[in-house]
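Please examine the sequence and the three-dimensional structure shown below. The paragraphs that follow lead from single residues to the overall architecture.

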Amino acid sequence: MSVFTTRALLNSVGVSQSRATSGAVAINWILKDGAGRVGKMLFARQGKKFDYDLKQLRFSGDLMMELGAGIELATAAFPQLFLPLACMANVVKNVAAVTSTSTRTPIYKAYAKGENIGDVTAKGESVGNIADLLGTGMSILMSKRNPSLVASFAVLSCGYLLSSYQEVRSVVLNTLNTARFTVAVDSFIKTGHVPSLKEGNLEETIFNPPWRHQPVAIGSRFGEAFQEPASFVATRPLFEDERYIVTYNPAKDKVYALLKDQAKQDDILKAAFHAHVLLHFINASHANLKARKRMNSDQGSYHYVNPNPLNMDFLAHIEESCKIVTSSYGVFKRKAREQGWIMSDSLLNPGRARLCGVAPQ
């Protein structure tokens, strides 16, 4: 039906009545839309991230929407590349549409007080329609003055992204996803205080570029975490009574939490808490090492530093972190509950690995 109706629409606006010409144009148009739908289905595999990391996905989706619009704008400069550019733009914009649709309900739910989600949704959609109508009217007025297309697009895109950023920052969620958990644990380690819902949501990182280094990984594989088997053998006794193992890989400058076969939700949360505590010790060690090197350089002396450290070289920090976690994890959970935080299983990405055969007996 879409192929036939698109062909009829193109004929009505002056495209050649030739069956071959109109058919080819219609098929190209359908290919463009089809590519977008395929991209939409593939991106929908994000699953639970739409519930837990909805702020990050919402803002990333808006960035992608502007990227798709920019690619569409480029077709005016490269008309001979219309089909590949249009397909690419449609894929990007459909992915952004999935993100917007999937995160809308959880955002409305955050504003609902009780069972009035339908009322909140209706009012939210009304606000969106008002914005659309105002934007359409303003664009008609602006277009009569023939402004620069690129300049207008740049200004409007910046305004849209700024509004989107303020939108997601205004949402207060009570679940501890990776970003909010990091804020809560860092605050607890440094001050002994777990931030309130509003504080934690305001301090949460909204946009993480894919190339940005992530210092903590939960649910990692053995080969990612350990450089050699000897390090695992040395670290394993420290976690005999736990359903996880935490280590630091200096080659990748990252703390890894490996989950044992019988790990439950609380074990995952404790592993994530332990990983951040160990990261705090590692960062303090690196800061002390840099200060010592600077002091030795000023004094003209030399202090040998192993250029290729191993996991075992940080065993003392792991042992110290075990003592801190044993005494403080229960306190952290209690203070988090008092602030209204809900402990969820969102810290473990779907499909991450578990260590079979090393569960505590």
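A179 is located in helix 8 of this predicted model. With a relative accessible area of 16%, A179 falls under the 20% limit and therefore counts as buried. Once neighbours within four places in sequence are set aside, the contacts of A179 are with Q56, E204 and T205. A further spatial relation links A179 to N201: the two residues are 22 positions apart in sequence, and their C-alpha atoms are 9.0 Å apart in space.

L73 offers a second point of reference, this time in helix 4. Its relative accessibility is 27%, and L73 is therefore classed as partly exposed, a class that lies between the 20% and 50% limits. L73 touches L149 and F153 when residues up to four places away in sequence are not counted. A86 is separated from L73 by 13 residues in sequence, with a C-alpha to C-alpha distance of 9.6 Å.

Helix 4, which spans 54-74, also takes part in the largest pocket, as do helix 5 (82-111), helix 6 (117-143) and helix 7 (149-170); each of these supplies at least two residues of the lining. The volume of this pocket is about 1400 Å³. Its lining comprises 36 residues, and those that lie nearest the centre of the pocket are E66, A131, D132, G135 and Y160. Which helix gives the most to the lining of the largest pocket? Helix 6 does, with 13 residues. Sorted by class, the lining of the pocket consists of 15 nonpolar, 13 polar and eight charged residues.

The loop between helix 6 and helix 7 contains N146. Although N146 is not a glycine, its phi is positive, at about 50°. Is N146 buried or exposed? Its relative accessible area is 67%, over the 50% limit, so N146 is exposed.

A positive phi in a residue other than glycine also occurs at D253, where the value is near 50°. D253 belongs to the loop between strand 2 and strand 3. Its relative accessibility is 38%, and D253 therefore counts as partly exposed.

Strand 2 (244-249) and strand 3 (254-260) lead to the largest nonpolar core, which has 43 residues. Within this core, the residues with the most contacts are F181, V255, F273 and F332. At least two core residues come from each of helix 8 (178-191), strand 1 (216-218), strand 2, strand 3, helix 12 (265-299) and helix 13 (315-338). Helix 12 gives the most to this core, with eleven residues. As a general tendency in soluble globular proteins, nonpolar side chains are buried together.

The surroundings of V255 can be described in further detail. Leaving aside neighbours within four places in sequence, V255 is in contact with P215, V216 and A217, with V246, T247 and Y248, and with A275, L278 and L279. Of these partners, V216 and A217 fall within strand 1, V246, T247 and Y248 within strand 2, and A275, L278 and L279 within helix 12.

D261 is found in the loop between strand 3 and helix 12. A relative accessible area of 43% places D261 among the partly exposed residues. D261 and Y244 are 17 residues apart in sequence, and the distance between their C-alpha atoms is 8.7 Å.

The overall architecture may now be considered. The protein contains 13 helices and four strands. Of its 361 residues, 38% are buried. Among contacts with a separation of 6 or more, 74% are between residues 24 or more positions apart. The protein exposes about 20700 Å², of which carbon and sulfur atoms supply 60%.

Terms used. Residues numbered from 1 in each chain as written. Predicted model: local features only at pLDDT ≥ 70, side-chain atom pairs only at ≥ 80, totals over all residues. Heavy atoms only, no water. 1 Å grid on protein atoms, 1.4 Å probe; cavity = no way out; pocket = protein on both sides within 12 Å on 5 of 7 lines; lining within 4 Å. Points joined across faces, edges and corners; volume = space filled by probe spheres on them. Nonpolar A, V, L, I, M, F, W, Y, C, P; charged D, E, K, R; others polar. Core = buried A, V, L, I, M, F, W, Y, C linked by side-chain atoms within 4.5 Å. Buried < 20%, exposed > 50% of the residue type's maximum accessible area, 1.4 Å probe, protein only. Contact = heavy atoms within 4.5 Å. Areas by Shrake-Rupley, 256 points an atom, 1.4 Å probe, with all protein chains shown as cover.
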